[in-house]
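Ready to practise reading a protein model step by step? Have a look at the sequence and the structure below, then try each exercise before you read its solution.

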Amino acid sequence: MDIIFYHRSDCHLCEDMARALAPLAAELGVAVRAVDIESDPDLEARYGLKVPVLVHGGTEICCYRLDERAVRGAVAAKKARR
């Protein structure tokens, strides 16, 4: 159960979210897969300046700032459906 972390280089919000997300993901036992949207024209078109974005199980959890409650809820809901 990965959390996808869409980001771009030289983005201070992305750096802030990455730092805040790492300990939370470790606590919850989920992997974070970082994807630079600048490496994919489709992702660049989809997200543009709307980064960072966290996606889990195909659902957008939060963007710009880490919403710890939303991340916890999304992970718990996904685990409950297993």
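Here are five exercises, each with a worked solution.

Before you start, note that this is a predicted model, in which local features need pLDDT of at least 70, side-chain atom pairs count only at pLDDT 80 or more, and totals for chains, interfaces and linings use all residues. Residues are numbered from 1 along each chain as its sequence is written, and side-chain values use heavy atoms, with hydrogens and water left out.

**Exercise 1. Find how confident the predictor is, and which elements have the lowest and highest mean pLDDT.**

Step 1: recall that pLDDT is the predictor's confidence in each residue, from 0 to 100. Step 2: look at the whole protein, where the average pLDDT is 94 and 98% of the residues score at least 70. Step 3: go through the elements; α3 has the lowest mean, 90, and α1 has the highest, 97. Step 4: keep a general caution in mind, that predicted coordinates should not be read in detail where pLDDT is low.

**Exercise 2. Work out the order of helices and strands from the N terminus on.**

Step 1: apply the rule that helices (H or I, at least four residues) and strands (E, at least two) are DSSP runs, numbered from the N terminus. Step 2: count them, which gives three helices and four strands. Step 3: read along the chain to get β-α-β-α-β-β-α.

**Exercise 3. Decide how the radius of gyration of the protein fits that of a compact globule.**

Step 1: the radius is taken over C-alpha atoms, and the globule rule is 2.2 Å times the number of residues to the power 0.38. Step 2: for 82 residues a compact globule would come out near 12 Å, and the protein has 12 Å, so the two agree. Step 3: add the extents of the C-alpha trace, about 35 × 25 × 15 Å along the principal axes.

**Exercise 4. Describe the largest nonpolar core and the surroundings of Tyr 6.**

Step 1: a nonpolar core is a set of buried Ala, Val, Leu, Ile, Met, Phe, Trp, Tyr and Cys residues joined through side-chain atoms within 4.5 Å. Buried means under 20% relative accessible area, exposed over 50%, and partly exposed in between (1.4 Å probe, protein chains only). Step 2: the largest core has 25 residues, and Tyr 6, Tyr 47, Leu 54 and Val 71 touch the most other members. Step 3: the elements that each supply at least two residues of this core include β1 (2–7), α2 (41–47) and α3 (68–80). The most comes from α1, with seven residues. Step 4: leaving aside neighbours within four places in sequence, Tyr 6 is in contact (heavy atoms within 4.5 Å) with residues including Val 35, Leu 43, Tyr 47 and Pro 52.

**Exercise 5. Which backbone features do Pro 52, Asp 10 and Tyr 64 show?**

Step 1: Pro 52 sits in the loop between α2 and β3, and the peptide bond from Val 51 to Pro 52 is cis, with omega near 0°. Step 2: Asp 10, in the loop between β1 and α1, is not a glycine, yet has a positive phi of about 55°. Asp 10 counts as exposed because its relative accessibility is 78%. Step 3: Tyr 64, in the loop between β4 and α3, also has a positive phi, near 70°. Tyr 64 counts as partly exposed, because its relative accessibility is 38%.
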